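Hi,

Here is the two-chain model I promised to pass on. Have a look at it first, and then read my notes below.

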Amino acid sequence: MTDKPNLNEQYTEVEATEDLSLGSYVSGGTLQVAKPKWYMPEWLKALIALIPALFFLIIFMIYPIINTFLLSFLEDFNWVGGSGSSFAIINWAYSLSPDFRGNPAFWSFNNYVNVIADPSFINSIINTALMVVVSVPLTIVISLLIAVCLNSIKVLQGFFQTVFFLPYVTNSIALGMVFNVMFSKGGPINSAFGLDFNWLLAAAGATRWSMFLVITVYSVWNGLAFKILVFMSGLATIDKQYYDAARIDGASKVKIFARITVPLLSPQILYITITSFIGAFKAYTSVIALFGNGAYDFGGTGGKEWMTVVGYVYIMMQRAQIGRAAAASIVLLLLILAITLVQTLVSKKRVHY
Amino acid sequence: MEVRIENLTKAFTSQKGPEVIAVNNMSFVIPDGKLVGLLGPSGCGKSTTLYMIAGLHKPTEGKIYFGDEEVTNVPPEHRGIGLVFQNYALYPHFTVRQNITFPLDNVRPKLSKQDKEAIAHEMARIVDIEPYLDRKPKELSGGQQQRVAIARALSKRPKVLLLDEPLSNLDARLRLQTREEIKRIQRETGITTVFVTHDQEEAMSISDMIVVMKDGVVQQIGEPQHVYDEPANLFVAKFLGSPAINIFDGEIKNGVLYVDGVELEKNALYKKPRRIEDKIELPRELDEKGNPIGEPKYEIKVTEKHDRPVKVGIRPEAFRLNQEAGLISVKQHYIEHIGRDISIVGEIAGQNASHIKVIIPSELRVKVLDKEVSKFEPARFYVFEESGERIK
């Protein structure tokens, strides 16, 4: 390559003749940012960012779960009445010493045995399961249909979205009171259908199933708002081209919904299914808000007609049966865990991310 | 199926801002069984045109015919078209087989399972994706997805196949391969095919005919080589060809074309003056508030210009090296080696253009290597008015 030195010469000539402002840039070496004395490790940065969340999670979630778990094995524990400390962990520490209150049978499964043998607990499980099985699928299907309809209209979309979202920002006790009035003897439901029937008051002729109907309507309606919101945001992420493609492929609206929209919305449907099941298993407010006679009235003449599992827990606490309340909570936890696990396993095949 | 477009216009209205005219009064005919490229820079309305042919966009004005049948108001599913979207729009939850057979599920009378399976296999064979029938789209490469999209569009045996920027999501090597595939598939099936692209090389290489568009207006229609050789205006000349055509400022004086004071050519065409028609609004009577009364009136003022600045376009490959007597002197900056050819990047004294490109065969490398200035003769050049119309 005889021409190489020539080229170099040309370049140096250019540098010499023209005063390029880049001259100092090229000769000055890499510019450095001031070096810190030490580098904070990544885990510490992560920890600092996590502290606020961890603080509250530990105090209000993790500690209570552990505490409840331990309490469920403590018989005759009642810190309200004066026996034991409210910190279950301390009780457990005491229980390690053999002479503690002279009761070596301190740890036992007695609470679980008692709870499962309790007919009102079995009843509360059946009640809760009924509500879950009926209201959850209903809400999901209705909210999905409403979301798809809302998504396809242009006029008044914002207005209807607001209307459907209103229940979400309304207090559920207040909603319950409104439903109570609506389904009362002189209420609008009766006048609309020309009926003369008391839906909620057992003493005035309400049956178990009339109460269940109102509970279902209330739960479905109350649950719509959030689900519609989630489905609408899910629909917004579906590429419009899939619909164009399906249209060109000649698919009908129903077919597009069943074979394109629903599968593409499956992550949202899974999320909503799991959270709705969990939420429905924790039902309590919906029932007591409807009957409106205070925290332990679940309808019926005995006030226990539609007692839920959470309701059972509260009643046990009211009766200072903390151990049983804890055991019932743990049973509920295991139940929800099992169902969620099944859902996740099923979804592995059905959900398309 | 011949596709005929007559006076097609599409205006998009929005609540905010003015109406946007994406396609303006467009007419052309796509002959039966041809592969046609709609070519233009982004935002020129080429995709809008395609979607109007597909029926997904409704034209504001104008008519579309498939053969003798007018389809302007026929919904897309009844037009007998297949559309391949830019990002393929393959259903992510279906397998390749399900994607290909989905359009067949909606055919009446219903096809049997065996028929669908047979079609799926035939389509997969045509686009060469047979081993992947049971995979999901995301398990395929971009090129394979592209071919599945074509297979899906073809499975209903459409009369017209439409492709929206079919190669823009592929890497350079795959792009070359796939464009040949598209040509092969189109040849094999004989389906009238329209595809949209902004890549002139892509359009030129496989199309039987190209339609060059700019700002919703058709600039030129024709066979690719003809459009390249005889651009109708400055825009087409600049848009086709890679590297791009070199444009110089020139001047017509007394019927002679000069570039940079050098006489390039005498031609009778340069003696013809340029007619400029100006529309001038005439003054009107005013009412008491000072507003003009009645409809505005105009007068057409014609001016003729003989001596005027013009643009001269020379394609990089149209230069002939002539170190002794070349008319155009190029100050060389550097030389690019492209293998078969070399290209000289340089400038011409007195020209505003920052650099020009000259492509010459690489055998001539030794003749230009150490030179600061090389001289060339233009073998072929185009002359345009400053407004863009071609003079010669």
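A residue counts as buried here if 20 or more other C-beta atoms lie within 10 Å of its own, with those C-beta atoms placed from the backbone. By that cut-off, 26% of the 353 residues of chain A are buried. Keep in mind that this is a predicted model.

Chain A first. Its secondary structure comes to 16 helices and 0 strands. If you take the contacts between residues at least 6 apart in sequence, 69% of those in chain A join residues at least 24 apart.

The helix I'd look at is α3(A), residues 42-71. Drawn straight, a helix of 30 residues would span 44 Å at 1.5 Å a residue, but α3 of chain A spans only 38 Å between its end C-alpha atoms. There is a bend to go with that: α3(A) turns by about 55 degrees at Ile51(A). A proline, Pro52(A), follows within four residues of that point. Just 1 of the 30 residues of α3(A) is buried, so the helix lies largely in the open.

Further along chain A, I picked out Asn198(A), which sits in the loop between α9 (188-193) and α10 (208-237). Is it buried or exposed, or something in between? Asn198(A) has 19 other C-beta atoms within 10 Å, so it comes out as partly exposed. Setting aside residues up to four places away in sequence, Asn198(A) touches Ser184(A), Lys185(A), Ala204(A), Gly205(A) and Ala206(A). Its C-alpha is also 8.5 Å from that of Gly186(A), with the two positions 12 residues apart in sequence numbering.

Now chain B. This one has 9 helices and 22 strands, and 39% of its 392 residues are buried. The C-alpha trace spans about 80 × 75 × 35 Å along its principal axes. For contacts between residues at least 6 apart in sequence, the share joining residues at least 24 apart is 64% in chain B.

Chain B is divided into domain 1 (3-239), domain 2 (251-309) and domain 3 (314-385). The C-alpha centres of domain 1 and domain 3 of chain B are 39 Å apart.

At the start of chain B, strand β1 (residues 3-12) holds Phe12(B). Phe12(B) counts as exposed because it has 12 C-beta neighbours inside 10 Å. Leaving out residues up to four places away in sequence, Phe12(B) touches Glu19(B), Val20(B) and Ala22(B). Phe12(B) and Pro59(B) are 47 residues apart in sequence, yet 9.8 Å apart in space, C-alpha to C-alpha.

There is a hairpin to check too. Strands β12 (residues 256-259) and β13 (residues 262-266) of chain B run antiparallel and are joined by 4 bridges. One pairing there is Tyr258(B) with its bridge partner Glu263(B) in β13(B). The hairpin has 2 residues between the strands, and Asp260(B) takes a positive phi near 60 degrees.

Last, the place where the chains meet. How many residues does each chain bring to the contact? Chain B gives 17 residues and chain A gives 16. On the chain B side, β6 (81-84) and α2 (96-105) each supply at least two residues. The residues on that side of chain B divide into 12 nonpolar, 3 polar and 2 charged.

Over to you!

Note on methods. Residues numbered from 1 in each chain as written. Chains lettered and ligands numbered in written order. Predicted model: local features only at pLDDT ≥ 70, side-chain atom pairs only at ≥ 80, totals over all residues. Contact = placed C-beta atoms within 7 Å. Expected span 1.5 Å × (residues − 1). Bend = angle between axes of the 7 residues up to and from the residue. Nonpolar A, V, L, I, M, F, W, Y, C, P; charged D, E, K, R; others polar. Domains from an automatic or database assignment. Pairing = 2+ DSSP bridges.
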